Amino acid sequence: MTPVNIVASAENPLLPALYDIVWSAVCLLIVFLVVWKYVLPAFNKTLDERAERIQGGIEKAEKVQAEADQALAEYQKQLADGRAEAARLRAEAQEEGAQIIADTKAQAHSEADRIITSAQNQIDAERQAAMVQLRSEVGSLATDLASRIVGESLTDDQRSANVVDRFISDLESESSGQPVKGA
């Protein structure tokens, strides 16, 4: 082996020379310091601003969500109040309707009773008038008939009234099913 070969074999092809390592380290240190001094603060500042905007957006969204929840609760309360009011009005209307129906029925019964009473009074008055008229007609017919049968004149008012009353009593008793007196 020759000495040249020994030197060549002593060098590692994967390991760079010492001056390359030193200059590479200096360049790396300079790049590191520039990044540390200028790039990293700007990057951190951008990230911080972005984080603040995100946090502000989250807080704003939470505030809007809270307002929406409050508005929803208010809406639901108003809706429940409206439904309760509608139910109350419906119940009042039903009560008023029932009261109107009851009043109308009571008024109709009262009117019917008045009409029945009026009709009954009219019937009684007509019956009384018919009885008076019937008594006078039956009386005159009975007097004429009795005068013919008896053969004497029954012109005496007292006598003819007694005969007519007895005749009507006899007729009433026959119509009620009682036996006639003197028959």
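**Salt bridges along a predicted helix**

D124 and R127 both belong to helix α2, where they are three residues apart, or about one turn of the helix. Helices here are DSSP runs of H or I with at least four residues, strands are E runs of at least two, and both are numbered from the N terminus. The two residues make a salt bridge, and their closest N and O atoms are 3.8 Å apart. That label calls for a side-chain nitrogen of Lys or Arg within 4 Å of a carboxyl oxygen of Asp or Glu. D124 counts as partly exposed because its relative accessibility is 33%; buried means under 20% relative accessible area, exposed over 50%, and partly exposed in between (1.4 Å probe, protein chains only). Elsewhere, salt bridges that share partners tie E85, R88 and E92 into one network.

A quick word on ground rules: this is a predicted model, so local features need pLDDT of at least 70 and side-chain atom pairs count only at pLDDT 80 or more, while totals for chains, interfaces and linings use all residues. Residues are numbered from 1 along each chain as its sequence is written, and side-chain values use heavy atoms, with hydrogens and water left out.

Back to the charged pairs. Side chains of opposite charge can pair when their charged atoms come close. The structure holds five salt bridges. In one of them, E92 meets R88, with the closest N and O atoms 2.3 Å apart. These partners also sit in helix α2, four residues apart, which is about one turn of the helix. E92 is partly exposed because its relative accessibility is 31%, and R88 earns the partly exposed label with a relative accessible area of 37%. Another salt bridge joins D81 to K77, with 3.3 Å between the closest N and O atoms. Because D81 and K77 are four residues apart in helix α2, about one helical turn separates them. D81 is partly exposed, at 42% relative accessible area, whereas K77 is exposed, at 51%.

Now for the chain as a whole. Its secondary structure comes to three helices and zero strands, and the pattern along the sequence reads α-α-α. Of the 183 residues in the chain, 6% are buried. The chain exposes about 15900 Å², and carbon and sulfur atoms supply 61% of that area; the areas come from the Shrake-Rupley method with a 1.4 Å probe, and for residues only the protein chains shown count as cover.

How confident is the predictor? The mean pLDDT (confidence in each residue, from 0 to 100) of the chain is 85, and 85% of its residues reach 70 or more. Among the elements of the chain, helix α1 (residues 3-10) has the lowest mean pLDDT, 50, and helix α2 (residues 18-150) has the highest, 91. Over residues 1-7 the pLDDT is below 50, and this stretch has zero contacts in the model beyond near neighbours in sequence; a contact means heavy atoms within 4.5 Å. Where pLDDT is low, the predicted coordinates should not be read in detail.

Two annotated stretches come from UniProt, whose positions are given in the numbering used here, with shortened feature names and annotations that may be inferred rather than shown by experiment. The unreviewed entry lists a "transmembrane region" at residues 21-40. In the model, residues 21-40 are 100% helix and 0% strand, with 26 Å between the end C-alpha atoms. The unreviewed entry also has a "coiled-coil region" at residues 58-92. Residues 58-92 are 100% helix and 0% strand too, and their end C-alpha atoms are 50 Å apart.

Finally, a look further along the chain. R135 is located in helix α2 and counts as partly exposed, at 36% relative accessibility. Leaving aside residues up to four places away in sequence, R135 touches V164, D165, I168 and E172. The C-alpha atoms of R135 and A161 are separated by 9.7 Å, although these residues are 26 residues apart along the chain. S173 lies in helix α3 (residues 157-175) and is buried because its relative accessible area is 11%. The side chain of S173 reaches the backbone oxygen of D170 at 2.9 Å. That is a polar contact: a pair of N or O atoms within 3.5 Å, where, within protein, one must be able to donate a hydrogen and the other to accept it, and residues adjacent in sequence count only if both atoms are side-chain atoms.

Key
pLDDT = per-residue confidence, 0-100.
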